[in-house]
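The following exercises are to be worked through with the sequence and the coordinates at hand. Each task is followed by a solution in steps.

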Amino acid sequence: MTSFTEPPSSPGTRPSLWRHRNFRRYLTGQAASVTGSSISSMVIPVLAVLELDATTAEVAWLTFLGQLPPALLALHAGALADRHSKRRQMIIGDLGSAAALASVPVAAALDRLSLTQLMVVAVVQGAAGVLHDAAAISLLPSLVDRSLLQRSNSRVGSLFAVAATAGSNLGAALTALLGPARALLGDVLSYLVSAWCTVSIQAPESSRPAAEGRRLHPEIGEGLRYVNGDHRLRTLTLVNATTSFALALLNTLWALYLLRSLAMSATAFGVVLGIGALGAAAGALAAPSLAARYGPGPMMLAALAITPLTQIPLLLASPGLVWQFAIGGALFLQLACAAAAGTTQRTIRQVVTADGMQARMQAVSTWLTSGARPVAALLAGGLGTWIGVRPTLVAGTCLLLVPLVVLYRSPLRSLLDMPSSGEHPPAHGPRPGALIGEPPPGTPIPPSLHIPSHTSRGDHVPPSRSDIRATIETYLSRLAEERPSLEGLLAVLDGTEEPSSRATLPGHVTCSAVVIDRDRRVLHIGHRVTGLLLCPGGHVEAGDRTLLAAAVREVCEEAGLRPGDLCLTPQFLDEPIDVDVHDIDANPAKGEPAHQHFDVRFAFYLAAEQPPALAPQGEEVAGAQWLPYADVRSPTLRAKLLAAEADGLDGRPEPVSANALIHDGAGRYLLHLRDDREGMWEPWVLALVGGKRSRDDAGLEATLRRELAEEAPGLEPAELVPFAVQEATSVDGLAVPMSVYAGRWSGDAEAVDLREGVLLKWFTVDTLDRLRLSPGLGDLIRRHAAEHPTVEEPPAVARPLPGEAPAGTVLHVVGVHLYLEHEGKVLLGLRHPDSAYAGGSWHALAGHLEAEAATAGLVREAFEEAGLVIDPADLELVHTVHTVDRPGARPRIQLFFRPRHWEGTPEEREPDRCLAWKWWDAKDLPEPIVPYTRVAIEGILAGLSYSELGWSR
């Protein structure tokens with residue numbers, strides 16, 4: 001993301017938001033808008049009752065109409081904000097609200113004011129407010145750097161709490177001074193101030209030319225799929241909606257209960273509300289510090305746990321001053337918790353969301369929460385009448401436990417750091433079994449294990465240039481003779497524009513799906529405009545995780561298939577079968593010049609024996625046909641299909657993945673806890689070790705041997721025997737036939753050098769019910785155990801390495817690090833967000849040893865990672881850190897060497913691991929930074945040679 005930020009005065013200093021002109025203008029405008037909205041929220045009902053003699057039903061209708069636009073228009077407003085200028089939309093919303101409200105005092109002065117006009121004003125103001133708010137919330141991430149988002153949201157939340165209360169009081173004062181109709185001029189003025197502040201913001205906004213000419217509904221659908229496709233957004237949105245529903249139910253009856261049942265005076269009621277506003281401001285201000293100290297996940301979990309408890313004084317209260325103080329204190333705590341959690345979750349959602357999806361992501365949350373409030377109000381009225389006010393309040397308090405349970409069942413509960421601001425996950429629909437990454441209570445997760453942030457490319461941004469290049473180079477490694485014909489595509493990949501954007505000229509990447517049935521026929525779609533029969537395909541969208549995912553989406557949209565109806569072919573796997581270049585005529589109606597499409601085509605089989613029914617979709621589709629290989633319309637594709645037919649391309653699915661069911665013959669089975677990362681197949685579950693077949697594998701057993709060597713060197717079962725074939729679901733929703741091999745091995749799981757995943761551990765059959773397993777794995781293990789009874793007793797403890805060390809010896813991992821200092825500054829690298837360790841954090845140049853001397857290993861790492869040339873003789877050991885990440889984890893010895901001399905300038909030679917090298921003041925290190933790196937640098941500055949970290953004293 002590119003943010004228009006104002007740099008700090010010196011490297012490494014903490015920037016002040018108050019010196020940020022754009023942020024100050026944004027905050028002033030939003031505070032003015034909130035103040036004005038609070039004025040009208042107070043004045044309009046008073047005007048209706050006192051000046052227009054509105055009945056109870058009419059006041060209810062007035063309130064309902066004011067709340068209706070968010071539920072109806074939020075999704076549309078979010079899509080518009082992502083498509084066009086957010087600032088322009090905010091200004092239109094402010095001016096629309098100002099114009100609508102200005103009509104009230106004018107009509108009153110002319111004695112023409114009516115309740116109908118007031119209702120129209122409520123609807124117009126509500127609709128204009130939806131437009132403004134959808135753009136305003138999503139504009140903030142483009143004004144400040146994402147590292148400042150939590151502090152920014154904290155300032156916004158605290159000021160909004162104060163402004164809302166001040167607006168209500170100001171509305172009361174203006175009503176008493178000027179009368180209710182002219183009091184609305186204060187709100188008109190506030191909207192004009194807000195519009196002026198927005199005009200004065202000077203920040204570039206990214207445009208989305210690819211969205212021009214598209215209908216709004218598909219973009220709304222992208223927003224819904226975006227939120228549902230990422231477990232963090234889905235969880236936090238659900239927490240928001242359920243919290244809003246419960247609080248709306250409580251708030252509907254709150255005033256009635258206090259004023260009538262507890263005989264609280266209007267003055268006391270106002271004081272209680274004021275105390276609550278102070279709590280909201282305090283909670284918003286404290287949120288960044290609390291999240292930094294305890295972690296965003298635990299802090300939000302604690303806030304949600306405290307919130308139901310704050311209702312206890314209200315439920316137990318009786319009339320009297322003491323209870324009024326208790327209720328005021330409880331409301332202070334409740335709103336403080338709500339503001340702290342709200343500020344934090346909003347920041348998380350903004351950080352992990354791509355620029356082009358910010359407004360739609362926020363709009364989904366607004367739509368759900370706004371839609372929940374009227375329903376909750378009606379339910380409160382019905383329950384209050386049926387069972388009474390106090391029992392209804394008890395029911396509402398119990399409902400506050402729902403968001404707590406939702407968050408507790410999510411990996412977010414253990415989020416110890418804010419997600420990094422690197423690449424963002426992708427958008428078009430939930431991955432199969434979308435909740436699979438959220439372990440339920442009872443899942444055996446190490447207590448201090450940090451849940452990795454989802455910053456890999458996944459469901460919410462187009463495939464990156466490097467991903468597309470890798471796909472094309474893989475294709476050309478098989479068909480090198482086609483390189484000259486693809487020079488235009490390679491030139492686009494060498495350029496600076498998005499390769500898959502419609503706006504990229506003279507050509508851009510598209511994708512097609514080559515779907516093959518059991519009769520060796522290929523699916524073709526008829527197009528109304530051209531009359532051509534083509535394979536399903538089209539442009540890459542913002543929500544496509546990969547080019548292959550784009551092809552899957554296109555065939556599902558055009559032919560009405562489901563991703564699970566398809567599977568990969570063993571001949572081509574996830575590589576393209578064909579890349580075709582064809583010319584596209586100019587389209588003056590759309591303002592498109594003549595250009596080229598570089599169509600990347602992927603082959604799929606139908607997964608089921610019986611072909612699914614086709615349901616061609618869309619206005620441009622005229623039907624579907626299955627054509628034999630020899631009749632396929634594209635000459636380049638036809639030639640490749642006929643050539644591959646001799647290699648077995650027959651439409652009949654075969655396993656394309658292999659897993660190892662490893663047992664020790666004593667009733668134990670070796671399971672692998674997968675990483676919790678976007679794009680990971682079956683994330684955060686215990687599964688078998690294995691993976692997908694590659695083109696160079698001689699067979700599936702070779703695939704499995706290769707995967708074992710890559711993921712877990714040292715894990716070498718003596719014999720692998722085919723045991724079962726299962727069908728799984730890929731991250732893109734495809735059916736995946738998977739071959740399971742059984743193998744016996746009885747080594748020490750903790751001694752395996754695990755390269756992928758979180759842990760490798762032995763489990764017995766009787767523990768399976770308590771574990772979060774890959775679908776079908778429990779039944780598979782039980783079947784194997786039943787067919788292969790144990791022949792020996794399992795060891796009581798993990799077996800030591802025989803003859804290598806005394807009993808009780810624990811192996812340590814040794815890391816080598818470069819302490820490179822120049823003019824009081826040290827060299828640190830920003831690790832790639834997708835790094836398995838410390839993604840998004842600053843770290844010294846480092847690496848692990850490969851059966852080599854420490855100095856030799858560091859010299860190798862310095863050259864491989866940064867292009868620095870160092871003589872091993874010039875290295876001196878300056879600090880050692882003995883560290884352990886958590887109880888039970890393998891200890892590590894981190895060696896820091898300082899070179900007396902080096903050659904070269906640091907460069908990013910491994911961009912998949914390090915995004916940038918930067919010199920930092922050794923006394924003012926950046927955040928986030930790997931903790932033991934900070935300890936080492938501070939120790940070196942203090943003249944110490946040894947430190948410890950993570951050990952209990």
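**Exercise 1. A helix and its surroundings**

How many residues does helix 18 have, and what distance does it reach from its first C-alpha to its last? Determine also whether its residues are mostly buried or exposed.

Solution. The model is a predicted one.
Step 1: Helix 18 covers residues 547–559, which gives 13 residues.
Step 2: The distance from the first C-alpha to the last is 18 Å, close to the 18 Å expected at 1.5 Å a residue.
Step 3: Of the 13 residues in helix 18, 12 are buried. Among them are Leu547, Leu548, Val552 and Val555, and also the charged residues Arg553, Glu554 and Glu558.
Step 4: After helix 18 comes Gly560, which has a positive phi, near 75°.

**Exercise 2. A strand and its partners**

Identify the strands that pair with strand 18, and explain why strand 18 is described as largely enclosed.

Solution.
Step 1: Strand 18 spans residues 825–831, and 5 of its 7 residues are buried, so the rest of the structure largely encloses it.
Step 2: Strand 17 (residues 821–822) pairs with strand 18 in the antiparallel sense through 2 bridges. Within this pairing, Glu821 has Val826 as its bridge partner.
Step 3: The connection between strand 17 and strand 18 is a hairpin with 2 residues between the strands. In its turn, Glu823 has a positive phi of about 55°.
Step 4: Strand 23 (residues 914–921) runs antiparallel to strand 18 and is joined to it by 7 bridges. Here Leu828 is found opposite Lys918.
Step 5: Strand 19 (residues 842–843) is also antiparallel to strand 18, with 2 bridges. His843 of strand 19 is the bridge partner of Gly829.

**Exercise 3. Salt bridges**

How many salt bridges does the structure hold? Examine the pairs Arg520–Glu645, Arg545–Asp732 and Arg860–Glu864.

Solution.
Step 1: The total is 34 salt bridges.
Step 2: Arg520 and Glu645 meet at 2.9 Å, N to O. This pair links distant parts of the chain, 125 residues apart: Arg520 is in the loop between strand 1 and strand 2, and Glu645 is in helix 19. Arg520 is partly exposed at 35% relative accessibility, and Glu645 is partly exposed at 29%.
Step 3: Arg545 and Asp732 form a salt bridge of 2.9 Å, N to O. Their positions are 187 residues apart, with Arg545 in the loop between strand 4 and helix 18, and Asp732 in the loop between strand 13 and strand 14. Both Arg545 and Asp732 are buried.
Step 4: Arg860 and Glu864 meet at 3.4 Å, N to O. Because they are 4 residues apart in helix 22 (residues 854–866), about one helical turn separates them. Arg860 is buried, with a relative accessible area of 18%, whereas Glu864 is partly exposed at 33%.
Step 5: Salt bridges with shared partners also join Glu482, Asp578, Asp580, Asp599, Arg601 and Lys640 into one network.

**Exercise 4. Cysteines and a surface patch**

State the number of disulfides, and name the residues that make the nonpolar surface patch of about 330 Å².

Solution.
Step 1: With a disulfide taken as a pair of cysteine sulfur atoms within 2.5 Å, the count is 0.
Step 2: Cys197 is buried, at 4% relative accessible area, and Cys337 is buried at 8%.
Step 3: The patch is made by Leu278, Ile306, Phe332 and Leu333. Ile306 belongs to helix 10 (residues 296–309) and is partly exposed, with a relative accessible area of 31%.

Definitions and conventions: Residues numbered from 1 in each chain as written. Predicted model: local features only at pLDDT ≥ 70, side-chain atom pairs only at ≥ 80, totals over all residues. Heavy atoms only, no water. Expected span 1.5 Å × (residues − 1). Buried < 20%, exposed > 50% of the residue type's maximum accessible area, 1.4 Å probe, protein only. Pairing = 2+ DSSP bridges. Patch = residues over 30% accessible without salt bridge, like charges linked within 9 Å, V, L, I, M, F, W, Y side chains within 5 Å. Areas by Shrake-Rupley, 256 points an atom, 1.4 Å probe, with all protein chains shown as cover. Salt bridge = Lys/Arg side-chain N within 4 Å of Asp/Glu carboxyl O.
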